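Work through the exercises below with the sequence and the model at hand. Each task is followed by its solution.

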Amino acid sequence: MGSQTMENAAETGPLTREPLDPARADVYAPMFKALGDPVRLRLLSMIATARGGEVCVCDLTGEFHLTGPTISHHLKVLREAGLVDSDRRGTWVYYRMIPAALAVMGTLLETGIPV
């Protein structure tokens, strides 16, 4: 999700203010869909809480009873949804959360009702 789309989310406002148009729904749905899987939700949480703001994939794989390629697939889904970013350093890939993506999701889900 590009920065222009992030800016548009602020213009859209909460889903409770007005119906979301089809084009924006197509943009935001992959973000929510990506978090609909427990493994991806846990991965995002682990990345978001990592010291220094990023984590090596080598530190993520040991937390799951899944193969490396399966973890890589889940991370790819998070990356393609615009929730995380990554870069390769030697043989390892490091992941970091994109805070603006969660802010967009929060904006869309805001109800205005205090909890």
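The exercises go from the chain as a whole to its sheet.

This is a predicted model, in which local features need pLDDT of at least 70, side-chain atom pairs count only at pLDDT 80 or more, and totals for chains, interfaces and linings use all residues. Residues are numbered from 1 along each chain as its sequence is written, and side-chain values use heavy atoms, with hydrogens and water left out.

**Exercise 1.** Determine the order of helices and strands along the chain.

Solution. Take helices (H or I, at least four residues) and strands (E, at least two) as DSSP runs, numbered from the N terminus. The chain has six helices and three strands. Read from the N terminus, their order is α-α-α-β-α-α-β-β-α.

**Exercise 2.** Work out how the strands are arranged and which of them stand at the edges.

Solution. Count two strands as paired if DSSP finds at least two bridges between them. The three strands make an open, antiparallel sheet with the order S1-S3-S2. Strands S1 (55-56) and S2 (84-89) each have a single partner strand and stand at the edges, so one side of each is left without a neighbour in the sheet. Next, S2 pairs with S3 (residues 92-97) over six bridges in the antiparallel sense. Within this part of the sheet, Arg 88 has Val 93 of S3 as its bridge partner.

**Exercise 3.** State what fraction of the chain is buried.

Solution. Apply the cut-off for buried, under 20% relative accessible area (1.4 Å probe, protein chains only). Of the 115 residues, 30% meet it.

Definitions and conventions:
Buried < 20%, exposed > 50% of the residue type's maximum accessible area, 1.4 Å probe, protein only.
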